[in-house]
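Trainee: Could you take me slowly through one part of this model, the place where the protein meets the DNA, and then show me what lies around that part? I would like one connected account rather than a list.

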2 protein chains.
Amino acid sequence: MSESTDNYLKTIYALGTVEGAAATTTALAEKLCTKASSVTDMLKKLNEKGLVKHTKYYGTSLTAKGKKQALQIVRKHRLWEFFLVEKLGFGWNEVHDIAEQLEHVESEMLIDKLDAYLNYPKYDPHGDPIPNKLGNMPAMRKTTSALNMKLGECYELVAVVDSSSQFLNHLKKIKLTLGSLIELKSKFAFDNSIQISINSTKLHLSQQVAANLIVQKKIK
Amino acid sequence: MSESTDNYLKTIYALGTVEGAAATTTALAEKLCTKASSVTDMLKKLNEKGLVKHTKYYGTSLTAKGKKQALQIVRKHRLWEFFLVEKLGFGWNEVHDIAEQLEHVESEMLIDKLDAYLNYPKYDPHGDPIPNKLGNMPAMRKTTSALNMKLGECYELVAVVDSSSQFLNHLKKIKLTLGSLIELKSKFAFDNSIQISINSTKLHLSQQVAANLIVQKKIK
DNA sequence: AAAATAATTTAGGCTCGCCTAAATTTTTAT
DNA sequence: ATAAAAATTTAGGCGAGCCTAAATTATTTT
């Protein structure tokens with residue numbers, strides 16, 4: 001399987017799992033930084049290979065075979081991200097592009113050994129679950145948007161919705177890192193912004209930022 | 001730079017360093033598992049890019065720019081091999097094909113961090129020197145072919161000449177591993193075979209095998 | 001329901017790295 | 001020195017994955 005195929009499957013999977021919906025040609029073109037006509041070309045080929053069900057003018061979804069393969073790519077991507085952060089000391093906002101390349105290395109044994117070396121991690125540095133060898137996702141953490149936090153309760157920042165480097169850099173700048181323990185201090189109904197504290201330092205977050213933070217409730 | 005370019009430069013370098021000679025089109029075709037005509041095509045392009053000096057019908061050598069790039073690829077390849085063996089527990093005869101893929105990942109920062117993580121190793125698992133960030137090779141170990149060993153002296157197996165998986169598997173079978181401490185017990189002039197001992201177990205090696213072993217003298 | 005707009009697909013073409021077959025140059029053998 | 005053999009290059013083509021422009025189908029507006 002080519003790298004291009006990998007990228008298509010991964011992207012269809014990512015778009016498809018937002019909800020059960022089929023991926024649209026234009027959306028794929030945008031995510032893959034290519035043109036809609038190129039996407040149509042490629043989908044035709046993936047369709048012939050039985051990786052995708054593409055119905056003209058109606059959209060695309062993965063077949064069982066395609067989904068299985070997509071999950072293996074996701075697995076590889078997330079394991080490499082974990083490696084880069086935990087072992088090589090990269091920041092969690094620096095690893096995406098490198099993992100994007102590493103995920104295309106073909107060797108099942110490599111991934112198995114890497115998985116073992118990393119101690120079978122369940123979540124990558126962005127908080128996303130890592131499928132196991134069989135393609136099973138670990139149970140999602142019971143999480144919620146930071147907008148739903150309750151006053152005085154304690155939470156851990158476990159994931160982000162927007163993982164663009166702009167956003168991740170912003171988080172870095174305001175010293176919010178994955179794993180941070182957060183307590184909600186106040187909510188401002190006027191603009192839906194919130195005030196939180198991390199290790200007793202206070203931080204004010206706009207609604208836009210808070211909406212992109214996924215937290216998990218902690219017992220104090 | 002494409003992966004194909006990487007492979008050409010690396011191969012020209014490998015053929016070129018055997019002696020000062022220029023690489024021949026046929027030799028490149030064989031090493032790269034492709035046809036001579038394809039090699040000619042590619043050399044023309046590399047020539048235009050200033051990576052290679054190709055003179056029609058006379059052979060090919062690297063320019064300074066090409067050599068610099070080739071050394072970076074060699075560096076990446078050998079660092080990854082070291083990682084695979086030391087950290088992930090691969091056998092030193094299993095890593096070549098995987099490193100072949102990993103070496104094409106583009107990120108200077110990745111290689112720097114990997115180098116640091118591995119503690120700046122000087123030799124890869126096959127005993128070959130790893131160029132540093134600037135492309136400098138560490139001083140070659142003072143080594144010799146196993147055929148030149150002296151009776152009663154002690155040596156360490158530090159490298160192999162033939163690194164085909166057939167040969168490496170043979171070594172595995174007879175339990176000869178890189179780093180093994182070897183003492184020469186006897187030489188048989190008749191067929192140039194030798195008898196050695198490793199940790200007091202004795203082993204008989206044909207000339208063919210011995211010629212492919214590179215050893216370094218040790219003080220007992 | 002027709003017209004305007006948006007999404008998608010088709011048609012034709014491009015580059016990269018490869019191929020086969022044929023032509024050319026160099027080397028080897030006689 | 002010349003003929004035969006081997007190495008190399010040229011010519012013409014192919015598939016993968018991309019592109020632009022034009023045609024087609026869906027959706028939205030009026």
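Mentor: On the side of DNA strand C, the elements that each supply at least two residues of the nearby surface are α2 (25–31) and α3 (36–48) of chain A, together with α1 (3–16) and α3 (36–48) of chain B. Please keep in mind that this is a predicted model. Among the elements that line strand C, α3(B) gives the largest share of the surface, namely five residues. If you look for individual residues, 19 of them lie around DNA strand C, and those that come nearest are A:Thr26, A:Ser37, B:Ser2, B:Lys35 and B:Ser37. Sorted by class, the surface near DNA strand C holds 11 polar residues, four charged ones and four nonpolar ones.

Now turn to the other strand of DNA. Around DNA strand D there are 19 residues, of which A:Ser2, A:Lys35, A:Ser37, B:Thr26 and B:Ser37 are the closest. Here the elements that give two or more residues to the surface are α1 (3–16) and α3 of chain A, along with α2 (25–31) and α3 of chain B. For DNA strand D the largest share, five residues, comes from α3(A). The classes in the surface near strand D are four nonpolar, four charged and 11 polar residues.

With both surfaces in view, it helps to ask how the two chains are related. Chain B is superposed on chain A by a rotation of 180° with 0.0 Å of shift along the axis, and the RMSD is 0.1 Å. This is why we can speak of the relation of a two-fold axis. Within chain B, the C-alpha nearest to that axis belongs to B:Leu102, and the distance is 3.6 Å. The two copies use the same surface, since 100% of the contact residues of chain B recur in chain A.

Let us next follow α1(A), one of the helices that line strand D, away from the DNA. The general idea comes before the detail: two packed helices are described by the angle between their axes and the distance between the axes. The axis of α1(A) comes within 9 Å of the axis of helix α4 (residues 64–86) of chain A, and the two cross at roughly 95°. Helices α1(A) and α4(A) are therefore roughly perpendicular to each other. On the α1(A) side the contact is made by A:Asp6, A:Leu9, A:Lys10 and A:Tyr13, while α4(A) brings A:Gly66, A:Lys67, A:Gln69, A:Ala70, A:Ile73 and A:Val74. By class, this contact of α1(A) with α4(A) has five nonpolar, three charged and two polar residues.

Finally, look at the strands further along the chains. In chain B, six strands form an open, antiparallel sheet in the order β3-β8-β4-β5-β6-β7. Its edge strands are β3 (144–145) and β7 (201–205) of chain B, each of which pairs on one side only. Inside that order, strand β4 (residues 154–160) and strand β5 (residues 181–188) of chain B run antiparallel and are joined by three bridges, with B:Tyr155 having B:Ile182 in β5(B) as its bridge partner. In chain A, strands β5 (residues 181–188) and β6 (residues 193–198) pair in the antiparallel sense over five bridges, and A:Lys187 stands opposite A:Ile194 in β6(A). The hairpin of β5(A) and β6(A) has four residues between the strands, and A:Asn192 in that hairpin takes a positive phi near 60°.

Methods: Residues are numbered from 1 along each chain as its sequence is written. Chains are lettered from A and ligands numbered from 1 in the order in which they are written. This is a predicted model: local features need pLDDT of at least 70, side-chain atom pairs count only at pLDDT 80 or more; totals for chains, interfaces and linings use all residues. A residue is near a molecule or strand if its C-beta atom, placed from the backbone, lies within 6 Å of it. Ala, Val, Leu, Ile, Met, Phe, Trp, Tyr, Cys and Pro count as nonpolar, Asp, Glu, Lys and Arg as charged, and the others, Gly among them, as polar. Two strands pair if DSSP finds at least two bridges between them. Axes are lines fitted to C-alpha atoms, for helices over the stretch in contact, and angles run from 0 to 180 degrees between N-to-C directions. Angles under 35 degrees count as roughly parallel, over 145 as roughly antiparallel, 65 to 115 as roughly perpendicular and the rest as oblique. Two residues are in contact if their C-beta atoms, placed from the backbone, lie within 7 Å. Copies are superposed by least squares on the C-alpha atoms of residues with pLDDT of at least 70 in both.
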